[in-house]
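Visitor: I would like to learn how to read a model of this kind, feature by feature. Where should I begin?

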Amino acid sequence: MTDSKRRRGLMAASALLGGVLVLTACSGGDDAKGADHGDTSQAKVDEAAAKKSSEAQITITPKDGSNNASINNSAAVTVSKGTLTGVTMTTSDGKAVAGQLSADRTSWKPSVQLERSTTYKVAAEAKDSAGRTAHENASFTTVSPANSFIGSFTPDNGATVGVGMPVSINFDKAIANKVAVQKGITVTSSSGQEVVCHWFNANRMDCRPEQYWKAGSTVTLKLALDGVEGASGVYGVQQKTVTFHIGRNQVSYVDAKTKQMKVTQDGKVIKTIPISAGAPEHTTYEGQMVISEKFKETRMNGATVGFTDDDGKGEYDIKDVPHAMRLTNSGTFIHGNYWGAPSVFGNVNTSHGCVGLQDKKGAGDPNMPAAWFFSNSLIGDVVVVQNTGDKTVSPDNGLNGWNMDWAQWKAGSAV
């Protein structure tokens with residue numbers, strides 16, 4: 001073979017080999033099929049691993065990392081395709097939180113209310129039907145006091161009160177979104193009376209019917225404020241139901257002119273008691289006043305309400321005033337008086353603005369008029385003061401919203 005022919009043969013072989021190499025590099029040839037075989041093998045390994053893991057799916061709420069969680073019924077652990085075998089909740093300092101597992105072992109909840117501004121850690125374990133174990137962990141922080149509001153309310157749950165007792169709620173933060181907050185509060189009566197709420201300011205809302213509550217009825221207050229935004233970035237945390245009962249209908253009428261008080265039940269006079277109201281220079285407010293507090297004995301210091309010797313009004317500080325019942329926040333009481341002569345009552349108005357009834361020091365004589373009235377009065381009873389010559393008490397001075405007519409009252413509702 002000549003050299004030229006030999007070179008052409010080599011070139012042809014080289015070209016053919018190069019074509020095969022290029023074809024092999026760009027096609028799904030034997031090497032590609034080999035790769036497919038490798039992927040299939042890996043998939044089988046993954047499938048086998050999956051079959052070994054638990055099918056139980058644990059969910060923890062609030063979700064991990066939440067930093068504004070509710071303190072009411074927000075924490076929970078649930079599982080699907082399995083049952084819970086263990087749940088622990090602790091505070092960040094390791095204090096355990098008691099909880100309750102459901103009968104079917106598919107859910108768990110704390111059995112106590114959570115605290116505000118607290119970080120909680122939750123660890124949960126569950127098993128599926130094959131006995132394979134699953135784990136889940138989460139941590140969350142509850143809403144802080146700075147970012148939440150609470151309404152302090154009166155009367156208390158289970159109380160028996162007089163017919164004049166409104167539901168009064170005082171919020172610890174100013175409420176800007178009054179509509180949302182009021183919609184989260186409902187007050188109903190077994191008597192069927194319409195109840196309307198009235199905002200006195202951004203922190204106080206009272207609720208009452210047009211006329212006094214019906215004697216013997218039951219009133220229910222529902223607070224559904226959990227998560228309600230009362231102001232920008234400030235949320236409610238309360239979720240509760242409160243019931244209280246209305247006792248007999250007792251309304252007492254104080255007449256500063258005749259210096260007598262007529263105590264009525266269901267419109268009938270059951271007792272007349274001589275009184276001594278505010279002196280001409282210290283007249284008593286007029287109007288419908290609701291007893292908001294009762295003290296068998298209490299201290300009354302005139303300096304706390306502006307009475308001092310310096311201004312000529314006469315300072316006083318009596319540390320054991322008997323049978324005292326508050327009528328206004330500003331310091332008006334109906335109370336026992338042991339320092340006045342018996343002849344004062346029914347004849348002379350001598351007080352600094354309170355209504356005084358004859359009594360004895362120590363509040364120990366049940367036969368005294370003040371003792372009788374104290375024993376026969378409830379928080380929420382109404383005392384109507386007349387003929388003093390003073391102005392009508394402000395509706396927000398105490399629990400005295402009855403001094404506002406129904407149209408004005410309804411105008412103060414946000415809904």
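**Confidence first**

Guide: The chain averages a pLDDT of 88, and 84% of the residues score at least 70. This is a predicted model, and confidence is the place to begin. Where pLDDT is low, the predicted coordinates should not be read in detail.

Visitor: Over which residues does pLDDT stay under 50?

Guide: That applies to residues 2-38. For this stretch the model has three contacts beyond four places in sequence.

Visitor: Next, the sheets. How do I read one?

Guide: Strands of a sheet pair through backbone hydrogen bonds, either parallel or antiparallel. Here, one open sheet has three strands in the order β3-β6-β7, and the pairing is antiparallel. At its edges are β3 (83-91) and β7 (133-141), each of which pairs on one side only. From one strand to the next, the twist averages 15 degrees.

Visitor: How many bridges pair β3 with β6?

Guide: Eight bridges pair β3 with β6 (residues 119-127), in the antiparallel sense. To find the register, take G86, which stands opposite E125 in β6.

Visitor: What is the strand order in the open sheet of four strands?

Guide: The order is β9-β11-β14-β13, again with antiparallel pairing. β9 (151-154) and β13 each have a single partner strand, so one side of each is left without a neighbour in the sheet. The twist of this sheet averages 20 degrees from one strand to the next.

Visitor: And how is β9 joined to β11?

Guide: Four bridges join β9 to β11 (residues 167-171), and the two strands run antiparallel. For a residue pair to locate, G151 has F171 in β11 as its bridge partner.

Visitor: Now the cysteines. Which of them does a disulfide join?

Guide: The test is a pair of cysteine sulfur atoms within 2.5 Å. By this rule there is one disulfide. C197 is joined to C207, with 2.1 Å from S to S. The link between C197 and C207 is right-handed, with 100 degrees about the S-S bond. C197 lies in β13 (residues 196-199) and C207 in β14 (residues 204-208), so the disulfide ties together parts that are ten residues apart in sequence.

Visitor: Are C197 and C207 buried or exposed?

Guide: Both C197 and C207 are buried. C354 is buried too, at a relative accessible area of 9%.

Visitor: How should I read the surroundings of a single residue?

Guide: Take its strand, its accessibility and its contacts in turn. I334 lies in strand β25 (residues 333-337). Buried means under 20% relative accessible area, and I334 counts as buried because its relative accessibility is 0%. Leaving out residues up to four places away in sequence, I334 touches M261, H323, A324, M325, L327, V355, L357 and F373. As for L357, its C-alpha atom is separated from that of I334 by 7.5 Å, while the two residues are 23 residues apart along the chain.

Visitor: Please do the same for S252. Where is its place, and which residues does it touch?

Guide: S252 is placed in strand β19 (residues 250-255). With a relative accessibility of 1%, S252 counts as buried. Beyond four places in sequence, S252 touches M261, K262, V263, F373, V382, V383 and V384. M261 and F373 appear in the contacts of S252 and also in those of I334.

Notes
Residues are numbered from 1 along each chain as its sequence is written. This is a predicted model: local features need pLDDT of at least 70, side-chain atom pairs count only at pLDDT 80 or more; totals for chains, interfaces and linings use all residues. Side-chain values use heavy atoms; hydrogens and water are left out. Buried means under 20% relative accessible area, exposed over 50%, partly exposed in between (1.4 Å probe, protein chains only). pLDDT is the predictor's confidence in each residue, from 0 to 100. Contact means heavy atoms within 4.5 Å. Two strands pair if DSSP finds at least two bridges between them. Axes are lines fitted to C-alpha atoms, for helices over the stretch in contact, and angles run from 0 to 180 degrees between N-to-C directions.
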